[in-house]
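Biologist: I am new to this structure and would like to learn how to read it feature by feature. Could we go through it together, with the general idea before each case?

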Amino acid sequence: MLDAPVSGSVPQVRSGTLTIMVGGDQEAYARVEPVLRELGTPTHIGENGQGLILKLAINISLAVQMLAFAEGLLLAERSGLDPELAAGVMTESPIGSPMLRARAPFVLDLPEQAWFDVELMQKDIRLALATARELDVPLPSAGIADEMLARARELGYQHRDIAALFEVLARTPVSR
């Protein structure tokens, strides 16, 4: 048996460029690697379950990046900057990861169809937090991301893309 979680979204599925993290027996991996290459770039990570751990590690970064981008963009917008201009400059700056560049348009105009919805992201963040507790690893930024994802679900965004965090922040009162 192998575990083979993927990282990527709709564009990567369509282009066959998913990142595939495979855990399990090396011989079994060698047998299925050609099939996995049709979907993207597989990498044998180690034992069963380690593919999932790496996917959770990636998703911590995705959630935290999206939240930090939303925070910065909301700050810029509320100070009077044009959000489209600010998002463009931000995504071309050193913070402009491929994920942020792809999702910036979603932040400005949230689509009905999610590439990665809030509910699934929160599931992964909560799995990461539970795993971190077992391994005695602090994940403070993942904890904050979980709180904001919970707020997103309270506001009805559970099936919307994680880019909805911008709207969630905009609707969240500041505690003074």
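Biologist: Let me begin with a single residue: in which loop does S97 lie?

Modeller: Please keep in mind throughout that this is a predicted model. S97 is found in the loop that runs between α4 and α5. As its relative accessibility is 17%, and buried means under 20%, S97 counts as buried. Its side chain also makes a polar contact, at 2.7 Å, with the side chain of Q65.

Biologist: Since α4 has come up, which of its residues are buried, and where do they fall around the helix?

Modeller: The buried residues in α4 are P83, A86, A87, M90 and T91. When one looks down the axis of α4, these buried residues fall within an arc of 125°, so they line one face of the helix. The face turned away from that buried side carries E84, L85, V89 and E92, which are exposed, while the cover over the buried residues of α4 includes α3 and α5.

Biologist: How should I read a nonpolar core, and which residues have the most contacts inside the largest one?

Modeller: The general idea is that in soluble globular proteins nonpolar side chains tend to be buried together. Here the largest nonpolar core has 39 residues, and those with the most contacts inside it are M66, F69, L73, V107, M121, I125 and L165. The elements giving two or more residues to this core are α3 (50–78), α4 (83–92), α5 (98–108), α6, α7 (140–154) and α8 (165–170). Of these, α3 gives the most, with eleven residues. To take one residue as an illustration, L73 touches P83, A86, A87, M90, V107, L108 and F166, when residues up to four places away in sequence are not counted. Apart from the largest core lies another core, of five residues, among them L18, I20, V22 and Y29.

Biologist: Y29 makes me curious about α2, so what are the length of that helix and its buried residues?

Modeller: Helix α2 covers residues 26–37, which is twelve residues, and it reaches 16 Å from its first C-alpha to its last, close to the 16 Å expected at 1.5 Å a residue. Its buried residues are A28, Y29 and L36, and they fall within an arc of 85° seen down the axis, so they line one face of α2. These buried residues pack against β1 (2–3), β3 (18–24) and β4 (40–46), whereas the face turned away from the buried side carries the exposed residues E27, R31 and P34. At the start of α2, a side-chain oxygen of D25 comes to within 3.0 Å of the backbone nitrogen of E27.

Biologist: How do I read an aromatic pair, and how many are counted here?

Modeller: A pair of aromatic rings is described by the distance of the centres and the angle of the planes. The count comes to one aromatic pair. The rings of F106 and W115 have centres 4.6 Å apart and planes at 65°, so this pair is edge-to-face. F106 counts as buried, at 14% relative accessibility, and W115 is partly exposed, with a relative accessible area of 27%.

Biologist: To finish with one more residue, is A132 buried or exposed?

Modeller: A132 counts as buried, at 7% relative accessibility, and its place is in helix α6 (residues 118–135). Leaving aside neighbours within four places in sequence, A132 is in contact with V137 and L139. The C-alpha atoms of A132 and R14, which are 118 residues apart along the chain, are separated by 33 Å.

Methods. Residues numbered from 1 in each chain as written. Predicted model: local features only at pLDDT ≥ 70, side-chain atom pairs only at ≥ 80, totals over all residues. Heavy atoms only, no water. Helix = DSSP H or I, 4+ residues; strand = E, 2+ residues; numbered from the N terminus. Buried < 20%, exposed > 50% of the residue type's maximum accessible area, 1.4 Å probe, protein only. Contact = heavy atoms within 4.5 Å. Expected span 1.5 Å × (residues − 1). Arc of directions from axis to C-beta. Polar contact = N/O pair within 3.5 Å; in protein donor to acceptor, adjacent residues only side chain to side chain. Core = buried A, V, L, I, M, F, W, Y, C linked by side-chain atoms within 4.5 Å. Phe/Tyr/Trp six-rings, centres within 6.5 Å; stacked < 30°, edge-to-face > 60°.
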